[in-house]
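Student: I have a model open and a few things to ask. Can we go through it piece by piece?
Tutor: Sure, go ahead.

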Amino acid sequence: MSTMNTSNPIDREWLRRMADAEEQCPSISVGGLAVDLGVLSPERRPMALAAVNAAVALAKLVELWRRQHRLTVEEFAKRANLTEAEVVGLESGEIVPEPRTLFQVSQVIPVSYDKLMHVAGHVRQCDERLSNGAVRFAARSESMEKLTLQEEEALHDFVNLLAQ
Amino acid sequence: MVERRWAVERASVMAALLDAGVPKPQWPESLHWDWSSKASELRLLMASGFGVWCDEDWQGVMLTKTVGYSGALGQDEGKPVVYVDFVESAPWNWTIRAIEQEPRFKGIGSLLIREAIKQSLKEEFHGRVGFHALPQAESFYGKVCGMTMVNADQDKQGLVFFEFTRQQAEQFRSAGGKR
């Protein structure tokens, strides 16, 4: 990834003008790649709202629950019959977990496998309440060593929603 | 790494929009983009990556290609352009009036597009740059940057192709597009 230097004073004046002009416009997003990868239009993806946050919400669910129960990655992996690499991948939030992984997670964390499948977007029937719950959960937690009160509350609310 | 950090912020923006009852058609158009499931495909793409790094975060990112796209305007019709495949600023830099969100940093898009022009000059494309803008971004590229709206491209789900001619690119670099 290249980075750029804007320390030149002419650049700063130019940037000031552009920044002011840019602020008046709703967006600067360019979407050719989004079309090619099939992520442009939300109408084409019924579970779009959940899918955006699925990987992050599920990553945080596992990470926060594991930390709350003071388990290492190795210990959680052993309990869930997953490899450590799978748990690390799951907690990275970079991929939506496969159904098998979700099933194994549901054997350790007291949540509904069906609802995990909904959150992950593997089930096409849209559940707006779950989708919105995943959005709010993903929005509320930070990655820290000890769970904050806010994280405890967020985890509690989300686990309850998934367990119902 | 970018997407993990940005996804949390996207979720915060979504939660705020949901709480404020803002109708979905008024949400930022790129809010739902799910790059996490496409990460493996992204790694395979032959593209150059650019980013603005500040305050320990990526404030905006851009991907460009130098093959496969050509200009449609004037003296340079049919000649290669730097094609901007993707530009986005971090979600905390979006202006979203419906939830009173002010950008932490402004001008990220302009900085990145100017970098695309510099790449075009370096490639001896004379500043020619093209891309498909999202509808909410059309006013920025057309009215502010002074680019030409070439056509609505049906191969790209109707997104409008914008192009900087060499003269427009120079105008943008020196004076910031239309004044």
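Student: What follows H3(B), and what is the sign of its phi?
Tutor: Glu124(B) follows H3(B), and its phi is positive, near 65°. Keep in mind that this is a predicted model.

Student: And H3(B), how many of its residues are buried?
Tutor: 12 of its 15 residues are buried, so H3(B) is mostly covered. Among them are Ile108(B), Leu111(B), Leu112(B) and Ile113(B). Arg114(B) and Glu115(B) are on the buried list too.

Student: How far apart are the end C-alpha atoms of that helix?
Tutor: They are 21 Å apart. Helix H3 of chain B covers residues 108-122, and at 1.5 Å a residue its 15 residues should span 21 Å, so the two values agree.

Student: Switching to the sheet in chain B. What is the strand order?
Tutor: S1-S2-S3-S4-S6-S5, 6 strands in an open sheet with mixed pairing.

Student: Which strands stand at the edges?
Tutor: Strand S1 (48-54) and strand S5 (148-153) of chain B. Each has a single partner strand, so one side of each is left without a neighbour in the sheet. From one strand to the next, the twist averages 25°.

Student: What about S4(B) and S6(B), parallel or antiparallel?
Tutor: Antiparallel, with 5 bridges joining residues 129-133 to residues 159-164. One of the pairs is Val129(B) with Phe164(B).

Student: Which strands does H3(B) touch?
Tutor: H3(B) packs on the sheet and touches S1, S2, S3, S4 and S6 of chain B. The direction of H3(B) makes about 35° with that of S2(B).

Student: Where does H5(B) lie?
Tutor: Helix H5 (residues 166-175) lies across S5 and S6 of chain B, at about 80° to S6(B).

Student: Which residues in H5(B) are buried?
Tutor: Gln168(B), Ala169(B), Phe172(B) and Ala175(B). Seen down the axis of H5(B), they fall within an arc of 170°, so they line one face of the helix.

Student: Why would spacing like that give a face?
Tutor: An α-helix has 3.6 residues a turn, so residues three or four places apart point the same way.

Student: What comes just after H5(B)?
Tutor: Gly176(B), with a positive phi of about 85°.

Student: Over to chain A. Is Arg66(A) buried or exposed?
Tutor: Buried, because its relative accessibility is 11% and the cut-off is under 20%. Arg66(A) sits in helix H3 (residues 48-68) of chain A.

Student: What does its side chain make a polar contact with?
Tutor: The side chain of Glu91(A), at 2.7 Å. Beyond its neighbours within four places in sequence, Arg66(A) is also in contact with Leu71(A), Thr72(A), Val73(A) and Phe76(A).

Conventions
Residues are numbered from 1 along each chain as its sequence is written. Chains are lettered from A and ligands numbered from 1 in the order in which they are written. This is a predicted model: local features need pLDDT of at least 70, side-chain atom pairs count only at pLDDT 80 or more; totals for chains, interfaces and linings use all residues. Side-chain values use heavy atoms; hydrogens and water are left out. Helices (H or I, at least four residues) and strands (E, at least two) are DSSP runs, numbered from the N terminus. Buried means under 20% relative accessible area, exposed over 50%, partly exposed in between (1.4 Å probe, protein chains only). A polar contact is a pair of N or O atoms within 3.5 Å; within protein, one must be able to donate a hydrogen and the other to accept it, and residues adjacent in sequence count only if both atoms are side-chain atoms. Contact means heavy atoms within 4.5 Å. The expected span of a helix is 1.5 Å times one less than its number of residues. Two strands pair if DSSP finds at least two bridges between them. Axes are lines fitted to C-alpha atoms, for helices over the stretch in contact, and angles run from 0 to 180 degrees between N-to-C directions. The arc is that of the directions from the helix axis to the C-beta atoms.
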